[in-house]
Every structure is written in C-alpha cells, then in structure tokens.
Amino acid sequence: MTKRGWLLFASMSVIWGIPYLLIKVAVEGGIPVPVLVFVRTAVGAVVLLPLALRGVGKLRRHWRPLAAFAALEIMIPWWLLADAERQLSSSMTGLLIAASPIIAVLVGRLAGDVERLGGPRLAGLGLGLAGVVVLAAPGLRGGDLRSIAEVLLVAVCYAIAPMILARRLADVPVLPLTAVCLGGAALVYTVPAALAWPATLPTGRVLAALAGLAVVCTAVAFVVFAALIREVGASRALVFTYVNPAVAVTAGVLVLDEPFTVPVVAAFTLILGGSVLATRRGSNTPATPTAPAAPTAPAGAATAPAAATTVPAAATTGSRRFTAPGTPATGSSELVGAVAVDGVAVGLSPRPERT
C-alpha cells in the first residue's frame, strides 16, 4: 500500500472510531439530544451538498425508500446514540455497536436469506452474543437497561437500513444520497432543536466536539472513504472497520478516563472475533439475493482490484451497492456490501463488471 493509502487508512480508522467520544463530550457538556443531531446533520448536509448537487435531482423518484433509509440510518439511531451516552461510557457504546454484524446476520435470516450458516458462522454468532452479554451485564445491574436497549436498537437499525439501500436504492450515487438524507434529517430536527436550544453558549471543548462530529466524522469522512477505496481497493479499504472499536475504547480511556476492565477486553475480543466468523463466506457458499457479498456505513465505492475479491466482513450489516463519484457507468466493478460505522452504511464487495 502506498504512503497515501496508509494515510487515508489511518484517517478512517480514527475518523469513524471517535464519534462516540465526541458525542459523550457534547451530551456531558449540556447539549440536548435534538440539538446535537440537528447540528450534526445540518452542518454535514451543508458541507456535502455543493459536492452532490448534480445528482440530487435523480433522487426524486426514490423518495419513499430514501425516507425510510434516512430514518433507520440517521434520524432514529443518532437520537438513540446521543440519549444512551448520557448514561453509558463512549467505549461501551462503541463496543455494543460493533455487534451490528451479528445482528445483521440474524435480521438477514428473518428477511429471507437462505444462505446456510455453517459451523464457523454459528460459532461467530454465539461468540458475538456472548460478548454483548459480558459487556452489558454490569450495566444491567447498575440500572442502565434503557440505555443499553437504545444502543442495541441502533444496531438493529444499522442492520435493516442497508437492506433498503440494496433493494431500493442500489443505483443511487452515494454523495447525493448522503447529502439529501442529512438535509432531510436536519429539517425533521429543526423544531425540536429550536425548542431545546441552550440558553447559554457551550464551552469551547463542547463546540469543538460538535464541529468535529459534524464536519470530520460526518461530511469529510465520506469523501476520505471514497478516496481510500480508489487508492487501495475495496478489500483493503474495509480493514479499518476492525480498528474502529479499538479506537473508540482507547479514546474513551485516554481522553475521558473511562474504565479499561477485564470485561471490556473480553467483550472486545468476543464481539470482534464473532463478527469476523459470523460474516465470513465459505468458498462454496452461493450468494443470496439479499446479501451478495459481505459488509456496511455510507461512503462511496470505487473500482475494485479484482471482481472476485470479497470485502472483509468486520461490520457487515446487510448488502448494498454504491457508485462513487467519477466511477464509469460501464466497464467497471460495482461494490456491494454493507458496514455499519457510526451510523453510516458503506457497501463494499465487488460485483462482476458490466459490459
């Protein structure tokens, strides 16, 4: 991998590993949940819209699935995440979200996925669920049942949204889709945010967290991710999703002095190991209609290095297709897949070339 590729890879490992830290700083600094979601979506939309204006008009005929996708990928989960982090640590939240691939496999079965799971994938499901229990059990005893349920509901949303994208929005360019979803969410939260707007100006630390969340972790992330795929290919690009939970835990421990305990280490190992096993595809396993290849968080897809390469499935949450800005309409590989990273879906496994 080139120096530029390593730089982009390191950037995405951090960019989509720190949102939970920034959310925690904001809510502990007195930012109401609707205000946080409004600022994040509004600023993100303003940054992305100039880059996506050409494709926005093509979305009109897709407004129903677009609204459903925006609700499940942004409007509902971002509220739940912010509300949950009023009680939960950022590191615990990041690890619980890392269980999204486990939930996605279960949701896929309910949605008609006929792929045979097999021993390793069933073992992965068991390990991942065991990790969730290890991580959540102390919180349940401490009265954090509602907050833990909110984060797990977020994981369910992240598992369902990519299915909508794959089935109903497969040919929609990612930047216009993301910009419109963020803009729509901002409109929905305008009134709630106005009613809850803080009477006093937050501290500089809180404002910096909001700015980082909206600009860096939401808007800039999509552009950087598309550049990473173009630079190193889909398979290598998604390896950073294995790193995000570790970044989330490390950031929480170092910046917010959150506890780094044996249960946290055990849960991290079980959830990440379970995700790898549960989302792997055997060499003789036929593709299914609902999940053509593997993992998801919205960003772009570019030409893959080889059409038969499967994306690492560290965070698979369904399947979907993306065409990155500038990707030719013919003679190119489209990437299919789904990875939930901080509430954004990223589809990424190569599909045979169109002619």
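# Exercises on Helices, Burial and Packing

Valine 14 lies in helix α1; helices (H or I, at least four residues) and strands (E, at least two) are DSSP runs, numbered from the N terminus. The model is predicted, so that local features need pLDDT of at least 70 and side-chain atom pairs count only at pLDDT 80 or more, while totals for chains, interfaces and linings use all residues. Residues are numbered from 1 along each chain as its sequence is written, and side-chain values use heavy atoms, with hydrogens and water left out.

**Exercise 1. Helix α1 and valine 14**

Task: Determine how the reach of helix α1 stands against its expected span, and classify valine 14 by its accessibility.

Solution.
Step 1. Helix α1 covers residues 3-15, which makes 13 residues.
Step 2. The expected span is 1.5 Å times one less than the number of residues. From first C-alpha to last, α1 reaches 18 Å, close to the expected 18 Å.
Step 3. Burial is judged by relative accessible area: under 20% is buried, over 50% exposed, and in between partly exposed (1.4 Å probe, protein chains only). Valine 14 has 41% and is therefore partly exposed.
Step 4. The buried residues of α1 are Gly5, Leu8, Phe9, Met12, Ser13 and Ile15. As a general rule, an α-helix has 3.6 residues a turn, so residues three or four places apart point the same way.
Step 5. Valine 14 also has a partner distant in sequence: asparagine 244 is 230 residues away along the chain, yet the two C-alpha atoms are separated by 6.8 Å.

**Exercise 2. The packing of α2 against α10**

Task: Describe the surroundings of alanine 26 and the geometry with which α2 meets α10.

Solution.
Step 1. Alanine 26 belongs to helix α2, residues 19-28. Its relative accessible area is 0%, so alanine 26 is buried.
Step 2. Contact means heavy atoms within 4.5 Å. Beyond neighbours within four places in sequence, alanine 26 is in contact with Ile31, Leu36, Val206, Ala209 and Leu210.
Step 3. Two packed helices are described by the angle between their axes and the distance between the axes. Axes are lines fitted to C-alpha atoms, for helices over the stretch in contact, and angles run from 0 to 180 degrees between N-to-C directions. The axes of α2 and α10 (residues 204-232) come within 8 Å and cross at roughly 145 degrees.
Step 4. On the α2 side, Pro19, Leu22, Ile23, Val25 and Ala26 take part; they meet Arg205, Val206, Ala209, Leu210, Gly212, Leu213 and Cys217 of α10.
Step 5. These residues divide into 10 nonpolar, 1 polar and 1 charged, where Ala, Val, Leu, Ile, Met, Phe, Trp, Tyr, Cys and Pro count as nonpolar, Asp, Glu, Lys and Arg as charged, and the others, Gly among them, as polar.

**Exercise 3. Serine 90 and glutamine 87**

Task: For serine 90 and glutamine 87, decide whether each is buried or exposed, and list the contacts of serine 90 and of glutamine 87.

Solution.
Step 1. Serine 90 is placed in helix α5, residues 90-97, whereas glutamine 87 lies in the loop between α4 (63-84) and α5.
Step 2. Serine 90 counts as buried because its relative accessibility is 0%. Glutamine 87, at 52%, counts as exposed.
Step 3. Sequence neighbours within four places aside, serine 90 is in contact with Tyr20, Leu21, Lys24, Glu85, Gly252, Leu256 and Glu258.
Step 4. With residues up to four places away not counted, glutamine 87 touches Lys24, Asp144 and Ser147. Between glutamine 87 and lysine 24, 63 residues apart along the chain, the C-alpha separation is 9.3 Å.

**Exercise 4. Aspartate 257 and the protein chain**

Task: Locate aspartate 257, state what is notable about its phi, and give the share of buried residues in the protein chain.

Solution.
Step 1. Aspartate 257 occupies the loop between α12 (240-256) and α13 (262-278).
Step 2. Its relative accessible area is 68%, so aspartate 257 is exposed.
Step 3. Phi of aspartate 257 is near 60 degrees, a positive value in a residue other than glycine.
Step 4. The protein chain has 13 helices and 4 strands, and 57% of its 355 residues count as buried.
Step 5. Helix α6 (residues 100-110) is mostly covered, with 8 of its 11 residues buried; among them are Ile102, Ile103 and Val107.
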